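Me: I am new to this one. Please show me the structure, then let me ask how its terms are justified.

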Amino acid sequence: MNVASESEREPTLRFKITGTGAALPERVMTNADLERMVETSDQWIRDRTGIRERRIADEKTATSDLAAEAISEACAAAGIDVEELDAVIVATSTPDTVFPSTACWTQRKLGIRGMAAFDVSAGCTGWLYALEIAGGLLAAGSAKRIAVCGAEVMSRSVDWHDRSTCVLFGDGAGAAVVELGDGTTGYLARNWGADGNLAPVLYQPAGGSQLQASADTVARRLHSVHMEGNAVFRHAVRSMSGAAQQAVADAGIGVDAIDLLIPHQANARIIEATRERVGIDRDRVYSIVDRYGNMSAATVPIAVDHARREGRIHDGDRVLMTAFGTGFTWAAGIVRW
Ligand code: UT7
């Protein structure tokens with residue numbers, strides 16, 4: 001654990017992550033596989049994104065299947081049965097169905113009922129939004145044990161003919177069991193925000209009330225990710241680093257007191273630019289983007305799960321998480337573990 005300044009405050013949002021879990025499809029798609037599908041190269045993908053491979057769900061796997069697996073694992077790690085959860089929150093941009101929520105489908109797959117279940121739509125920032133909501137529910141006494149999950153089957157929202165987007169994404173789910181704890185753990189500082197004016201920069205045009213599904217929308221490939229890559233890149237670096245710097249300042253600690261930075265993992269260059277702006281050494285940044293690509297809302301919780309299991313996060317550590325996503329949305333927070 002790194003040393004914090006005298007002015008470190010008590011958590012502003014109290015919670016404890018008592019268990020984490022992850023679900024990753026078995027099928028690995030390498031850059032070489034993509035070379036056979038679109039005009040691209042392993043070299044281009046590695047140079048521009050840092051991604052070597054990603055996981056792809058089979059046809060029978062829906063987002064809720066991955067969510068259920070990750071939540072089961074998180075509950076096992078927390079030492080509770082899934083029935084003991086009193087809320088299930090799933091952050092996703094690739095829901096099972098437009099309605100009902102993926103959280104409700106997840107309950108069905110887990111064979112549980114009764115507790116509240118709902119989705120959060122905030123793109124890649126979704127899991128941090130869900131964690132903020134879970135902390136508020138715990139503080140309000142609305143729930144005691146909440147599953148906070150980020151789950152995506154991005155491969156079903158990707159246009160496999162569009163080389164500028166299909167090389168970026170992967171499938172997976174990550175989950176945490178979040179409880180109130182003894183008051184010493186939780187967010188030392190955090191912030192969240194959005195700028196909906198940037199909505200058209202990264203979105204799925206068809207399938208909602210703006211443009212309903214039709215033979216024409218399918219023919220024009222409007223049910224997939226449409227993105228202005230350069231604009232996303234610029235806003236990503238600005239919002240992730242800005243939110244992280246704000247959290248560090250609000251926590252009343254120096255950046256040297258951060259034990260680990262877990263940024264949203266869209267691209268190794270975005271992670272590096274964020275790290276540089278925040279001013280954290282490379283050995284305190286956790287990255288899995290080379291193995292899994294961008295799994296949207298699932299990325300941060302899977303990174304948290306892997307870091308925890310690899311012994312990179314210890315009780316008492318200060319872990320800075322920061323993310324950006326479609327919307328545009330962003331959020332950052334420093335957890336005292
Ligand atoms: O969670 C949010 C999700 N989205 C993101 O995080 C995306 C953020 N943006 C990025 O990561 C980058 O903008 C990309 C990786 C998508 C693209 O990198 P870039 O350095 O911004 O490249 P570019 O878009 O400026 O394209 C450079 C060239 C273009 O060719 P020309 O016009 O220079 O001839 C593209 O057509 O690279 C070409 N290109 C490719 N070439 C080989 C685009 N995609 C590919 C590809 N393989 N897969």
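Reply: The turns below take up the ligand first, then the salt bridges.

Me: What kind of model is this?

Reply: This is a predicted model, where local features need pLDDT of at least 70, side-chain atom pairs count only at pLDDT 80 or more, and totals for chains, interfaces and linings use all residues. Residues are numbered from 1 along each chain as its sequence is written, and side-chain values use heavy atoms, with hydrogens and water left out.

Me: Which residues are closest to the ligand?

Reply: Thr40, Arg48, Asn230, Asn267 and Asn294 are the closest of the 22 residues that surround the ligand. The test for being near is a heavy atom within 4 Å.

Me: What makes the pair between Asn230 and the ligand a polar contact?

Reply: A polar contact is a pair of N or O atoms within 3.5 Å; within protein, one must be able to donate a hydrogen and the other to accept it, and residues adjacent in sequence count only if both atoms are side-chain atoms. A polar side-chain atom of Asn230 lies 2.6 Å from an oxygen atom of the ligand. So the pair qualifies. Arg269 also places a polar side-chain atom 3.4 Å from a ligand oxygen.

Me: Why is the ligand said to lie between domain 1 and domain 2?

Reply: Both domain 1 (13–179) and domain 2 (186–208 + 218–336) give residues to the shell, so the ligand lies between them. The domain bounds come from an automatic or database domain assignment.

Me: What makes Glu10 and Arg336 a salt bridge?

Reply: The term asks for a side-chain nitrogen of Lys or Arg within 4 Å of a carboxyl oxygen of Asp or Glu. Here the closest N and O atoms are 3.8 Å apart, so the pair counts. Glu10 sits in the segment before strand E1 (13–14) and Arg336 in strand E14 (residues 329–336), so the bridge ties together parts 326 residues apart in sequence. Strands are DSSP runs (E, at least two residues), numbered from the N terminus.

Me: Why is Arg336 called buried?

Reply: Buried means under 20% relative accessible area, exposed over 50%, and partly exposed in between (1.4 Å probe, protein chains only). Arg336 has 14%, so Arg336 is buried. Its partner Glu10 has 47%, so Glu10 is partly exposed.

Me: Is Arg36 buried or exposed?

Reply: Arg36 is exposed, at 63% relative accessibility. Arg36 forms a salt bridge with Asp33, with the closest N and O atoms 2.6 Å apart. Asp33 has 23%, so Asp33 is partly exposed.

Note on methods:
Helix = DSSP H or I, 4+ residues; strand = E, 2+ residues; numbered from the N terminus.
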